[in-house]
Every structure is written in C-alpha cells, then in structure tokens.
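This report examines two features of a protein model in turn. Please keep the sequence and the structure in view while reading.

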Amino acid sequence: MRSILAAYFLVSIAGFGQGQQPGTKWTEEQLRQAVAPARAGRKLTPKSWPGKARVAVALSFDVDNESYLLARGETSPTTLSAADFGAQTGLPRILQLLDRYQIPASFFIPAVSAVIHPEMIPAILKSGRHEIGVHGWIHESPPGLASAAEEERLLNQAIEYLTKASGKRPVGYRAPGWAFSQHTLGLIRKSGFLYDSSLQAMDEPYELVSNGEDTGMVELAIDWTLTETPYLGRGGTMPSPELLYKLYKAEFDGAYAQGTMLVLTLHPHVTGHRAPMHELDQFVAYMKSKPGVWFATCEQIARYVKDVQH
Ligand SMILES: [Zn+2]
C-alpha cells in the first residue's frame, strides 16, 4: 500500500512539474477573484422543517440515458443500448419504488432524453408528486462549449422543450456533468431559476453568491460520494452496491442528527439494475422507519428555505 502511495505521489509531483501552474504567480487579489464567481453565502437550514421534521431528504435522479453519448457523437448500438436501459427498465422500476413508498423525487432531464423517450415525462408526472428540472439540452458540457451565446442557446432550447413537454416551466437547474462554465451562473440567474443543484460547498441548503452579491438562488448541493456513477456500472470501482449504501446510510444518520438535509443523486441507467435497486429499496425503508423525515422535491425544499425567516 505504502509503495503504491509513494508511486502515486511521485507521479503527481512529476505531473505538476510538467504542467502549467499559473496560480503560483497570481496575486492575493487574483486568487480572491478566481474563486468569486460562485460562492457559498449564508446557510439556509431552517430552525425546523415542515411538520416539525428533523431532516429533509431529496431523492434526485439525473435521467441521462443516451443523451451524453449522443452529445459526443457516439452511435455504437451496444453502448447506446446500455444507456437505453435507463428508459426501458430503470425509470419504470424507480417510479414503482417511489409509488410503493409514496414519496416524491426530482428528475433532472436533458431535453434530448425526452425527445428520444417521449413517454418518460408523462410517466414521471403521473403521480403528481415529482418534479422535473433542467439538465442541459443534450448533456452538453458547459465548460466545453464555444461561447456564452452557445450555452445560452442550448439552455433556452432545453427550458422551452421541458416546459412544453411537462406543462410547467422548471424552477431547478442541475448542470450536465455537474460542471459550470464561467457563464453558467449568470445564465441561470437570467433565466429566473429558483435554485441550482450542481455545486458542492455545503451539505445543507445555502445562498448562492456571485462576486460578493446574493444571486437570490438557493443552492441544494450535491456530492461525488452521494451518487453512484463513480462506483457502479461501466468504469465503476465498486463490485457491490451494498458498501455504497452503507455510506449513504451514514450520511443520512449524520444529516438526521444535525437536523439538516440529504440530497442523493442517482441515474436510472445505473441504479435501475437489480442489485442497486434492492439496496435503494432497503435504504428508503430505513429512512421511512425513522420519525421526522421530510421527503420532498428539491423545489419544495428550495421554496421552504427561501420563505422561512431565519
Ligand atoms: Zn447527468
């Protein structure tokens, strides 16, 4: 183990040596400016959650399916079919589970996922409990786009499509790949979003501040450990979802003890498989067994923390 770490350290040092390190020459003012565009403001956890609940839980699903592959021009039928699993099998299983427990969830959808699978949005909206949020037009990577104008074109196209398909203008934004460009925050602010759910500075709701100014948007932060894609499925590093759900349970227990919030982000094409669905079922049953858990959409949480006097 030690030798692996030592080797990794040497590779890291070598990497740093070869690469550009412009930050080493930045002044204190430049360093402050570098972090200023999207910062955490005040914590927005209320003194109590609705119904005197102790914790708010938002189950969220990024319905990527084939969109991110198509964005890169991927047309391999085999590769696309593994992503199609999200629409064919994953989403129906997830909706069934949510119905069984009678809990709401937020679904962030790249519009192209709905173009390819038009049946998904009506299926999500059927129960009347769930929310639909924006997750890009085709899961484009905002930092990789040519200009702010191009990012705005795709964002507007996505908002327009999802508004028409769902009958309601989405109020929540989650960046594709969770990646903001330098323009994203300004664009979603201009579009009038109530909240963002792409950043990761706190594990409770907070004010989203840009260059020292409150944007008026709520941030419902996510986290790379509170999602399954780095661990399960193709390229995943964990053979069993059981361990992952041990982590989620510990995160929930912590949020419950602190009286804050848990946001879990899952993907139908990954979590929709049998073994992770089994673990998700057990996890929801565990949370349901505790008193004082408020299951809510991200929209409900954002509205509540924004309206409550702190
Ligand atoms: Zn995604």
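In this predicted model, both Asp64 and His139 are buried. A residue counts as buried when its relative accessible area is under 20%.

These two residues also take part in a metal site. The zinc ion has protein donors from Asp64 (OD, listed twice), His135 (NE2) and His139 (NE2), which lie 2.1 to 2.5 Å from the ion. Along the chain, the donors of the zinc ion follow the spacing D-x70-H-x3-H. Asp64 is located in the loop between strand 2 (55–62) and helix 3 (67–71), while His139 is located in the loop between strand 4 (131–134) and helix 7 (148–166); the pair therefore ties together parts that are 75 residues apart in sequence.

What are the angles among the four donor atoms of the zinc ion? They run from 53 to 140°, and the site is irregular. Four donors count as tetrahedral only if all angles lie between 85 and 135 degrees, so a site outside these limits does not qualify as tetrahedral.

The second feature is the largest pocket, with a volume of about 600 Å³. It is lined by 24 residues, and the closest to its centre are Tyr68, Thr229, Arg234, His269 and Val270. Helix 3, helix 4 (77–101), helix 10 (268–271) and helix 11 (274–288) each give two or more residues to this lining. Helix 4 gives the most, with three residues. The table sets out the lining of the largest pocket by class.

| Class | Number in the lining of the largest pocket |
|---|---|
| Nonpolar | eleven residues |
| Polar | nine residues |
| Charged | four residues |

Technical notes: Residues are numbered from 1 along each chain as its sequence is written. This is a predicted model: local features need pLDDT of at least 70, side-chain atom pairs count only at pLDDT 80 or more; totals for chains, interfaces and linings use all residues. Side-chain values use heavy atoms; hydrogens and water are left out. Donors are N, O and S atoms within 2.8 Å of the metal (3.2 Å for Na, K and Ca); water is not among the atoms, so sites may look incomplete. Four donors count as tetrahedral if all angles lie between 85 and 135 degrees; four count as square planar and six as octahedral if opposite donors are over 155 degrees apart and all others between 65 and 115; anything else is irregular. Helices (H or I, at least four residues) and strands (E, at least two) are DSSP runs, numbered from the N terminus. Buried means under 20% relative accessible area, exposed over 50%, partly exposed in between (1.4 Å probe, protein chains only). On a 1 Å grid over the protein atoms alone, a cavity is a set of points where a 1.4 Å probe fits but cannot get out, and a pocket is an open set with protein on both sides within 12 Å along at least five of seven lines; lining residues have an atom within 4 Å of a point. Grid points are joined across faces, edges and corners, and a volume is the space filled by probe spheres set on the points. Ala, Val, Leu, Ile, Met, Phe, Trp, Tyr, Cys and Pro count as nonpolar, Asp, Glu, Lys and Arg as charged, and the others, Gly among them, as polar.
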